[in-house]
Amino acid sequence: MADAELRNADASGESQATETKSPLRVLFCHGLESGPTGKKVRHLEVHFAEVRCADMGMSLYSLGKENSLTRSFFPTFWQTSPWQWGAAAAEDSLTRCLEIQRAAIADFNPDVVVGSSWGGGIALLALAEGLWSGPTVAIAPALHRVLRDAGELKYKWAEVEQRLAASAHCLTLVHGVADNTIPIADSETLAAAIHCELVRVDGGDHWLNDALLNGRLRELVVQRHEAYEASTM
């Protein structure tokens, strides 16, 4: 699919809500420090009749979150070599979060999966692992950076990218040009490799709330579903 460009808009998502909610069932995979009550979830609930966001219990540092990277780090002390501690912790958190989304997909039977940052990476991993094969919108997906920074064991980016090629018709990547957390180059490289759609958000930061929570996220979800349906006819 050809690349698309999305520019920031000023209107709020709630004030732009459509009179009739879309009947699509949307599963949202939240970000690293977010959860089921985050802004993007609330925005989707305005625009779609059924929205599910499974709590992945995810954080970078919080020991109170059962799948946090820090909490996953401690068992690696006696299970792996010191140079593999980071990779093993990341793998454990990714695997646990992926299992939560696998169960959510099976239980909720969504029409579209949407993921942001860490959740966007989990959405990519669900596609690559064959746990999901439907329309997907991944916003600033963090998977490539996680594997690049923490190291690779079970999950290797080159293999993930290769497997994602079969799902290119399912996938829209959305990324802010001014993202200082996950470089847009990660999404650009993936889109070029597998020939999926990439929506570049001019001036957009990592969270993209100003750019997307004005009705644009709804448009992207509906358009991805429509394009997927057309590609499978």
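User: How should I read the words buried and exposed here, and which way do the residues of strand β5 point?

Analyst: Buried means under 20% relative accessible area, exposed means over 50%, and partly exposed lies in between, using a 1.4 Å probe and protein chains only. Strands (E, at least two residues) and helices (H or I, at least four) are DSSP runs numbered from the N terminus. This is a predicted model, in which local features need pLDDT of at least 70, side-chain atom pairs count only at pLDDT 80 or more, and totals for chains, interfaces and linings use all residues. Residues are numbered from 1 along each chain as its sequence is written, and side-chain values use heavy atoms, with hydrogens and water left out. In β5 (residues 136-139), Thr-136 and Ala-138 point one way, Val-137 and Ile-139 point the other way, and all are buried.

User: Which strands pair with β5, and in what sense?

Analyst: Two strands pair if DSSP finds at least two bridges between them. Strand β4 (residues 112-116) pairs with β5 in the parallel sense over four bridges, with Ile-139 as the bridge partner of Ser-116. Strand β6 (residues 171-176) also pairs with β5 in the parallel sense over four bridges, and Leu-173 in β6 stands opposite Ala-138.

User: Which residues touch the most other members of the largest nonpolar core?

Analyst: A nonpolar core is a set of buried Ala, Val, Leu, Ile, Met, Phe, Trp, Tyr and Cys residues joined through side-chain atoms within 4.5 Å. Of the 41 residues in the largest one, those touching the most other members include Trp-118, Leu-164 and Leu-173. Helix α5 gives the largest share, eight residues.
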